[in-house]
Protein chains: 2
Amino acid sequence: MAEKTKLWYLQNFNMFDGMSPKMMMELAQNTSMQNNSKKEIIYFPEDASNTIYFLKAGKIKIYRLSEDGKTTTLQLLGPGEIFGESAILGQDTHDNIAEVVEDAVVCAMDKRDFQDLMEKSPKLTLSVNKFIGWRLRKIQAHVEDLVFKNASQRITSFLHRYVETFGKKMVDGWMVRPFLTHQEIADLTATARQTVNQVLNELAEQDVIKFSRRFLQLKGDLDQLES
Amino acid sequence: MAEKTKLWYLQNFNMFDGMSPKMMMELAQNTSMQNNSKKEIIYFPEDASNTIYFLKAGKIKIYRLSEDGKTTTLQLLGPGEIFGESAILGQDTHDNIAEVVEDAVVCAMDKRDFQDLMEKSPKLTLSVNKFIGWRLRKIQAHVEDLVFKNASQRITSFLHRYVETFGKKMVDGWMVRPFLTHQEIADLTATARQTVNQVLNELAEQDVIKFSRRFLQLKGDLDQLES
DNA sequence: ACATACATGTCTGCAATATGACAGTCCGAC
DNA sequence: GTCGGACTGTCATATTGCAGACATGTATGT
């Protein structure tokens, strides 16, 4: 693949803001691309953690399974996000499952190459630290939600984040497309599928949202989805 | 304070393993010490995050309050652990409360000094990354526990970790001293004080543990405290 | 067009655990 | 040594939201 094309893939990651063109070229040389379609698994727990991934397009979920087959999703990631970061955090295996939720374009880089780059560029190291801090903050907020909020508050505030992150602002509200299945939302919010269904329909009844399998529309302002 | 003494304070942190004596001296120069007694608060949410802390002795808890006055403890830290790490992760305020649980000796270092040091020592950077990875793993496991385990499993497996981390191995089991209040355990496991009391007494009934306000004794092997 | 698998909608009962109340106990401060 | 506050032990009661059942709806491929 032409280096120019590779460069395109690496753009739009905040992490690489302010990097020299020379660095970016080096980055591009060490990167490989892949297209992954829905339901593909990028890695499993216990898989060797040698690679760090950059998500260029699509959505990825990071989740865990319990022994008795329950699922909990830790994060839903969109374009511009990094995953498989355990590779650069000194772990040699993954802890989670990474699965494609919407057809994705993923850049993969060997952890050694990335670490070499980090050594050369303190700026990059700083960005990485920021990113990790952000990830840590998000998961702490997740814990707080699980402990302090009830099921319908968790669902509502998830929808808030979902619309905020993935939605398009319209004159009269927001639109996200495609939408998730109720089961996916349940896994993200540690609730039951039936509860998600109920809350969703209540919100529609109150004319806050409108939804189908294909889309979620928020009528009006984001703060209507406050717990 | 003599640099030698300061050095003593900085020993026993895995993070500094393999650092050159010269580096260690530099570290020591930039470090200040403090003794904090039980119930003292080291920082609050929204406090400026300029300092990174090393816990030399005692215990610290990192926790959050909800609007309606509930508490959830994210971590209980013992000697050798780092906290306030948001300072080096690009956040300018803290998100949590850090409070002394058992009289503590704390080393504090300005984040700039620490970052300078990191730039000079790739080895330190690597250790820091490892530490952050470890922290991330712990909190992910916390989420998993909250979602997959029931109250009594959470309490039991917390006791497991508590004994493992802070206990002394005896011929016939383990001993931890001092013990926590039931409310503290409740906050750590997202359960109610009364539930903790009940589970604790059940375990005592089954002759797995023995406890009082002052100590917790595990009779026999750690794996008796498996969920 | 049909078959099949998957997703949604709705109800009902049940189990887990929080909450509130209150008595008894311990502990440190004075 | 005693007093007050905090911690522990044990109820009874309330509530939340999960689980199961099942009908309906929708997409996909042949």
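How much of what DNA strand D places within 4 Å of the protein belongs to sugar or phosphate, and how much to bases? Of those atoms, 58% are sugar or phosphate, and the rest are from bases.

## Ground rules

This is a predicted model, so local features need pLDDT of at least 70 and side-chain atom pairs count only at pLDDT 80 or more, while totals for chains, interfaces and linings use all residues. Residues are numbered from 1 along each chain as its sequence is written, chains are lettered from A and ligands numbered from 1 in the order in which they are written, and side-chain values use heavy atoms, with hydrogens and water left out.

## DNA strand D

Let's stay with strand D. A residue is near a strand if one of its heavy atoms lies within 4 Å of it, and 17 residues surround DNA strand D. The closest are Ala151(A), Ala192(A) and Thr195(A), plus Arg193(B) and Asn197(B) from the other chain. By class, that surface has nine polar, five charged and three nonpolar residues. Here Ala, Val, Leu, Ile, Met, Phe, Trp, Tyr, Cys and Pro count as nonpolar, Asp, Glu, Lys and Arg as charged, and the others, Gly among them, as polar.

Now for the polar contacts (pairs of N or O atoms within 3.5 Å; within protein, one must be able to donate a hydrogen and the other to accept it, and residues adjacent in sequence count only if both atoms are side-chain atoms). His182(B) puts a polar backbone atom 2.9 Å from a phosphate oxygen of strand D, and the side chain of Asn197(B) has an N or O atom 2.5 Å from a phosphate oxygen. Arg213(B) goes for a base instead: a polar side-chain atom of this residue lies 2.9 Å from a base oxygen. The elements that give two or more residues to this surface are α7 (193–205) of chain A and α7 (193–205) of chain B. Of these, α7(B) gives the most, with four residues. Helices (H or I, at least four residues) and strands (E, at least two) are DSSP runs, numbered from the N terminus.

## DNA strand C

On to the other strand. DNA strand C has 18 residues around it, the closest being Arg193(A), Asn197(A), Asn150(B), Ala151(B) and Thr195(B). Sugar and phosphate make up 59% of the strand C atoms that come within 4 Å of the protein. The surface near strand C splits into nine polar, five charged and four nonpolar residues.

A polar backbone atom of His182(A) sits 3.0 Å from a phosphate oxygen of strand C. Arg213(A) has a polar side-chain atom 3.5 Å from a sugar or linking oxygen, while Gln194(B) has a side-chain N or O atom 3.2 Å from a base oxygen. The α7 helices of chain A and chain B each supply at least two residues here, and α7(A) gives the most, with four.

## Where the two chains meet

Each side of the contact (heavy atoms within 4.5 Å) is easy to tally: 38 residues from chain A and 38 residues from chain B. Together the chains bury about 3,100 Å², 68% of it on carbon and sulfur atoms; buried area is the accessible area (1.4 Å probe) that two parts lose on being put together, summed over both. On chain A, Leu136(A), Gln140(A) and Phe148(A) supply 20% of the area buried against chain B, more than any other three residues.

The rule finds two salt bridges across this interface, counting a side-chain nitrogen of Lys or Arg within 4 Å of a carboxyl oxygen of Asp or Glu. One of them joins Arg64(A) and Glu144(B), at 2.4 Å, N to O. There are also six residue pairs in polar contact between the chains, both residues at pLDDT 80 or more. On the chain A side, β3 (51–65), β4 (71–77), α3 (111–120) and α4 (122–148) each give two or more residues. The biggest giver is α4(A), with 19 residues. That side divides into 16 nonpolar, 13 polar and nine charged residues.

## Backbone oddities

A cis peptide bond joins Arg177(A) and Pro178(A), with omega about -5°. Pro178(A) is in the loop between β8 (173–176) and α6 (182–189) of chain A. Chain B has a cis bond between Arg177(B) and Pro178(B), with omega again about -5°. Finally, Glu46(A), in the loop between β2 and β3 of chain A, has a positive phi of about 75° although it is not a glycine.
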